[in-house]
Amino acid sequence: MTPPPQTSHRAPAAVVSRQPVAVTADPSLLDEARRLAPEAVALRRTLHGSPELGLDLPDTQRLVLGALDGLGLEIRTGRTLSSVTAVLAGSADGPTILLRADMDALPVTEETGLPFASRAPGLMHACGHDAHTAMLVGAARLLAARREGMSGRVAFMFQPGEEGHHGARHMIEEGVLEASGRRADAAFALHVHPNLPAGALRLRPGPQMAASDRFRVLVRGRGGHASAPHTTCDPVPVVCEIVLALQTMITRSLSVDDNAVLSVTRLTAGRATGIIPDTAELGGTLRTLSEPTRKMLHETITRVAQGVAAAHGAEAEATVEPGYPVTVNDPAFTGFVLRTAGGALGTETVDVLTAAQMTAEDFSYVLQAVPGALAFLGACPPDLEPHEAPSLHSSRMDMNEDVIASGIACHAAVALAFLAGSGPEPAP
Ligand code: NI
């Protein structure tokens, strides 16, 4: 995912209770995570050099299985995708928390010049999923060493196909939420973010990231000679009017509290300057922060397109291809993460995310089924200001590897505190 740079205004104070109550995390976790970090950084660099795309990541899967070997985890691999699910059982019974890392890369040619840069032509870990994988392996190592004191289980979800391939949904269909023998009671994931200060943890209750859907409108008119438009039904001005009408629709039909973004990113019509074409087409992306608004806008896109076209005697066919749902953080779990991560990483590094970001994540499928949260972990490279750092998905995306220790500690702190009963009550 590609979060835009963070704005500087702050969230209303009432969004989440931040009283320093029951800070349950052990500050020594961060020291332990720092001891594990060199190994995790080495794994991240190995993964970075050999990125793979989509649902089939055989080399990545092999590296993860190798890194988890010997930790005493119950491991399963995917049937239809190269996922890894690993379950750590504590010494006593208790709830299950699921921790997730995504593992896939992007079709980007790397331009960082890093000594461990991608050796796969046209592929790059430009979204930090190499770091997510390495952090979760580190957390598995840290937690495995503490299993004697744990009541419950930790399910580690290493998923392929986050970048548009619905990998999380496939893993849910293959039973990842029940991997420990009972349905997961909570779920947590981290996403590194080069446009936030290194080590900063940011999350918010409710929508953290948007739903992302693609749409397409095909306008059918009647072509002819460009010198005689009165003998045609020209679809070109019609499709242009639809672009403007869709923008007006967004500004006029939504409350300021319920943001949405609609961007038309593709316009195609005709092939010659002397010919009015029969058809014209537009395509774009719709980002929404609530399911009712998402559904309403799907219907409105069709109505606006058909209405504008009809006004000109043309016809419009609108299609919306649903992408990932809204990533919604459970408010109680979010408060728990803010307190716990504050205890483990230092309260000065942890804060409420000021506004939802209009990028999308397929961890949203997990959060539809299990209460939990996704948090951004700031990873601005050294010597850059967060607003200067190349964003996620950029061919120059880089990160501060010091935050890998923070990520390991954060995963471990959230899991340990949840299993110790400091989290929100599991649903009955
Ligand atoms: Ni990502």
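These legends accompany close-up views of a predicted model.

**View 1. Helices α1 and α2 meet in a right-handed crossing.**
Let's start with the pair formed by helix α1 (residues 28-49) and helix α2 (residues 58-68), whose axes come within 10 Å and cross at roughly 165°. Because angles over 145 degrees count as roughly antiparallel, α1 is roughly antiparallel to α2. On the α1 side, the contact is made by Leu43, Thr46 and Leu47, and on the α2 side by Thr60, Leu63 and Ala67. Sorted by class, the residues of this contact are 4 nonpolar, 2 polar and no charged.

**View 2. Helix α2 also packs against helix α3 (residues 129-144).**
Here the angle between α2 and α3 is about 20°, and their axes are 10 Å apart. Angles under 35 degrees count as roughly parallel, so α2 is roughly parallel to α3. The crossing of α2 and α3 is right-handed. Look for Val64, Ala67 and Leu68 of α2, which make the contact with Thr133, Val137, Ala140 and Arg141 of α3. The contact of α2 with α3 has 5 nonpolar residues, 1 polar and 1 charged. Ala67 may look familiar, as this α2 residue belongs to the contact with α1 as well.

**View 3. Helices α7 and α9 cross obliquely.**
The axes of helix α7 (residues 331-345) and α9 come within 9 Å and cross at roughly 125°. The crossing of α7 and α9 is right-handed. From α7, the residues to find are Phe333, Phe336, Val337, Thr340, Ala341, Ala344 and Leu345, and they meet Ser406, Ala409, Cys410, Ala413, Val414, Ala417 and Phe418 in α9. The class count for the contact of α7 with α9 is 12 nonpolar, 2 polar and no charged.

**View 4. Arg100 is a buried arginine in strand β3 (residues 92-102).**
Arg100 has a relative accessibility of 1%, which is why Arg100 counts as buried. Which side chains make polar contacts with the side chain of Arg100? One is that of Gln159, at 3.1 Å, and another is that of Asp362, at 3.4 Å. Beyond its neighbours up to four places away in sequence, Arg100 touches Leu136, Met157, Gln159, Glu162, Phe188, Ala189, Leu190, Glu361, Asp362, Phe363, Leu374 and His411.

**View 5. Val366 is a buried residue of helix α8 (residues 363-369).**
The relative accessible area of Val366 is 0%. How far apart are the C-alpha atoms of Val366 and Ala187? They are separated by 7.4 Å, although the two residues are 179 residues apart along the chain. Ala187 is also among the residues that Val366 touches, together with Leu98, Met157, Ala168, Ile172 and Leu177; residues up to four places away in sequence are not counted here. Met157 is worth a second look, being one of the residues that Arg100 touches too.

**View 6. Glu281 in strand β12 (residues 279-288) makes a side-chain polar contact with Arg216.**
The distance of this polar contact between the side chains of Glu281 and Arg216 is 2.7 Å. With a relative accessible area of 15%, Glu281 is buried. Leaving aside neighbours within four places in sequence, Glu281 is in contact with Arg216, Val217, Leu218, Val239, Arg266, Leu267 and Thr268.

**View 7. His166 and Asp383 each have a positive phi.**
Most residues other than glycine have a negative phi, and that makes these two residues fun to inspect. His166, which is not a glycine, has a positive phi of about 60°. The loop that holds His166 runs between β4 (151-159) and α4 (167-173). Asp383, also not a glycine, has a positive phi of about 70°. The place of Asp383 is in the loop between β16 (372-378) and α9 (403-419). Is each residue buried or exposed? His166 counts as buried, at 15% relative accessibility, whereas Asp383 is exposed, with a relative accessible area of 81%.

How values were computed
Residues numbered from 1 in each chain as written. Predicted model: local features only at pLDDT ≥ 70, side-chain atom pairs only at ≥ 80, totals over all residues. Heavy atoms only, no water. Axes fitted to C-alpha atoms, helices over the stretch in contact; angles between N-to-C directions. Helix = DSSP H or I, 4+ residues; strand = E, 2+ residues; numbered from the N terminus. Parallel < 35°, antiparallel > 145°, perpendicular 65-115°, else oblique. Left-handed = near helix turned anticlockwise from the far one by under 90°. Contact = heavy atoms within 4.5 Å. Nonpolar A, V, L, I, M, F, W, Y, C, P; charged D, E, K, R; others polar. Buried < 20%, exposed > 50% of the residue type's maximum accessible area, 1.4 Å probe, protein only. Polar contact = N/O pair within 3.5 Å; in protein donor to acceptor, adjacent residues only side chain to side chain.
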